[in-house]
Structure formats: structure tokens, C-alpha cells
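Student: I would like to work through some of the contacts in this model with you, one question at a time. Could we begin once the sequence and structure are in view?

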Amino acid sequence: MRAAILHETGQDKLEVRDDVEAVGMGPGRVRVKLHVTGVCHSDLSAMTGILPQPAPFVPGHEGAGEVVEVGDDVTTVAVGDKVIVCWAPPCGTCNFCTGGQSNLCLSGFMNAGTQNFTFGGTPSFGMTGTGTFAEEVVVAAPCAVKVPDDVPYEIASLIGCGVTTGMGAVFNSARIEPGMSTAVIGAGGVGIAVIQALRASGASEIVAIDPATSKHSWAKQFGATHTATPDEAAALKQELTAGQGFDAVFEVVGKSFTVRSAYDLTRRGGQVVVVGAGAMDDNVQFNMFELFFDQKQIIGSIYGGGDIVREYNRIIRLWRAGRIDLESMITHRVGIADINQAFELMRSGESIRTIVTLA
């Protein structure tokens, strides 16, 4: 089958090969024929080493497809089911899973070092134990989450990572109330999801901050009330909040300097929500007096900040009701042979989400 391989961490190009095999089928495992996958910035972060992932590996973690084989003891899905590939599968029994925070379950992260593929006799991993830049993948059964038949594969794939990450940060991590003033630093795919969730939650001001002015029109299309470059953000804070700052600011970039900017844009007693995935050696600095005196809440938010499957279902209901627009987030479509083009579109800021067609 065809799949895209990153041979060494730090390479900026993937090799598309047709001699790749999905391996590991057995008890508790599921084989999924992938139809589509989204290209997420976290894929690039894994390729560059910002996010830890052993190589060689098949990137991709935002996919949807059809179950074509199930192993013994698998009861959650059956052959023919339409599924989202969940890159952080909950075990269902740990304190996090039983406490409504399955996004913090560590069982899925243990899959990053599991061999999912082989090519030319070389063992290969799948990103976070998945690897959706392939025509098929074999994953642990909890990674395959069944979705209703009326959800198109493209919509299901977006829900698999970027949309859940962004919208869940609003609904679970920050718990935005109607009338709150908000700002979002970063208007890429996850930032657009944050903006849509803020609109659905009734935020009064939604300021999208991004250095790429080409993204400003997108942000307004999806619900931003104002847009600004980073240099313009302080003036807009003064204009909209009389200098006090916003009730909640979402950092969706994953850099220390943007977290610091988010803190400075937040009012005393407000919320700084860190959604971006950054590097372990990129440190942000605060002084002890401001942490005490400002009483700002700094909230990390990984994969939606709550129960993953519950969030999938909530997003599907909002999409069905027309409260959120997921179709328009897909700005480009390419085949697996052109997957490197998808990364160029992302790096240049020309795309919100590029979908790669696999079947």
C-alpha cells in the first residue's frame, strides 16, 4: 500500500512509497482503511522534533476511515463501521478516564513507540501509535471511535484532532460564558476552531491575532469580531477593554513569547489558555509578584481538555444543528502523492486545513 514516510527527524520532505505494510494485527487490534486525513501542525512538529516521536515513522493523526478487520476481544467496533482515528485513545479505567478527563490518559502516548508499519524490510512507527498518512493502519481498538453514518469522512477527520482540540479548550478548559471578552493568538486550523466555539458560546468580543493578515478575513468569516497583528494587539486591548485586558486569551501557537503575550493581554483575574503544543526546552518566564498579584489563571489544554468521546459527540451535534461550520475549514484537497504540497500550504499560511484523500 501507499504511505508517506519520514526517515529521519528534521527532514522537511516525506517519501511516498507503495511498498509499505500495516502490521500488528491481533487481539484487541483493528485494521482501518483510511479514506481521508487532515494535515495538522502537530505533524510538522513531530517531523521537526518539537514533539517527541521516534523515526522512521508515518506521520498523520487526524484521520477517518472504515473498519475492515477486527481482532479477537474487540467489541466496540465491527467491520464496516465508520470511525475517527483517535490519537490519544482512553483506556477507560484510569483515574483520568473515570473522572471525565480521558484526554489526560497516558495509555495512548505509550503507543508512540509501537511498530505500526514496515517498508522494504525496515520497521516503522506510526505517529502517536496511529500514522494516518497511509492507506491502511492497524491500531489499538480504542483508537477507532465509531461515528454515525451521516458524518462525512472529511468532517470526521477534522474532529479527530484540530476541531476537538480548539473547541474543547473553549467548552471544557475555559468554560466561556456569554458576554465574555476574548482573544485568540493564532488563526490557523485550531485557532479557527477556537473562534467558532467562542461564537457558539456567546463571547461578546472575539479578537483574532495573527501576523499573517491573509488569515484575518478567514477569522472574521468564522466569527471573529476584530482582527489584529501582534503589533496592533495592545492598542485593541486598550480600545475594547479600556486597558484592563480580556477575560480569556487563547494561545494557539505553542511558543513562549506568544504565551507571554497572552498573559499580558489578559485582565487581572482572567484566564490564559495554552492550547499550542510547544517544545520542552522553550521556557516562558513570569515573576513571582505578578503571578500572585494578577491572580490570572494559566490553564493548559490538551486535546480538548475533557472527555474525548463526549467532545466528539458534542461537536457532531453542533455541526448537525448548523452552529459550527466545519466544511468551510477545508480549503485544499490533495492526493497522497502530493502530501508535501499540503505542508507547503500550511507553512505559507495559505490553508486552514488541507485534506489528503486516501481512498
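Student: Over the ring of which residue does the charged end of K296 sit?
Tutor: We are reading a predicted model, and the positions discussed here are computed from it. The charged end of K296 is placed 4.1 Å from the centre of a ring, over which it sits, and that ring belongs to Y263.

Student: Which residue lies over the face of F293, and how is F293 itself placed with respect to solvent, buried or exposed or in between?
Tutor: At 4.1 Å from the ring centre of F293, the residue over its face is R268. F293 has a relative accessible area of 39%, and because the intermediate class lies between under 20% for buried and over 50% for exposed, F293 is classed as partly exposed.

Student: Why is the pair of F289 and F293 called stacked?
Tutor: F289 and F293 are 4 residues apart in helix α9 (residues 288-294), so about one helical turn separates them. Planes under 30 degrees apart count as stacked. The ring centres of F289 and F293 lie 5.1 Å apart and the angle between their planes is 15°, which is why the pair is stacked.

Student: Which residues form one aromatic cluster with F289?
Tutor: F289 itself is exposed, at 55% relative accessibility. The cluster that contains F289 is completed by F292 and F293.

Student: How many residues apart are F133 and F343, which form an aromatic pair?
Tutor: The model has 5 aromatic pairs by the rule applied. One of them joins F133 and F343 edge-to-face, with 6.1 Å from centre to centre and 75° between the planes. This pair links distant parts of the chain, since F133 is in the loop between β9 (122-126) and β10 (136-140) while F343 is in helix α11 (residues 339-348), and the two are separated by 210 residues. Both F133 and F343 are classed as buried.

Student: What is the approximate area of the nonpolar surface patch that includes M110?
Tutor: M110 is in the loop between α2 (95-98) and β8, and with a relative accessible area of 60% M110 is exposed. Together with F96, L104, L106, F109 and I302, M110 makes a nonpolar surface patch of about 540 Å².

Student: Which residue of β8 stands opposite A22?
Tutor: The strands of the open sheet, which has mixed pairing, follow the order β3-β8-β9-β5, with β3 (20-22) and β5 (57-58) at its edges, each pairing on one side only. β3 pairs with β8 (residues 115-119) in the antiparallel sense over 3 bridges. Opposite A22, in β8, stands F117.

How values were computed:
Residues numbered from 1 in each chain as written. Predicted model: local features only at pLDDT ≥ 70, side-chain atom pairs only at ≥ 80, totals over all residues. Heavy atoms only, no water. Pairing = 2+ DSSP bridges. Patch = residues over 30% accessible without salt bridge, like charges linked within 9 Å, V, L, I, M, F, W, Y side chains within 5 Å. Areas by Shrake-Rupley, 256 points an atom, 1.4 Å probe, with all protein chains shown as cover. Salt bridge = Lys/Arg side-chain N within 4 Å of Asp/Glu carboxyl O. Buried < 20%, exposed > 50% of the residue type's maximum accessible area, 1.4 Å probe, protein only. Phe/Tyr/Trp six-rings, centres within 6.5 Å; stacked < 30°, edge-to-face > 60°. Lys NZ or Arg CZ within 6 Å of the ring centre and 35° of its normal.
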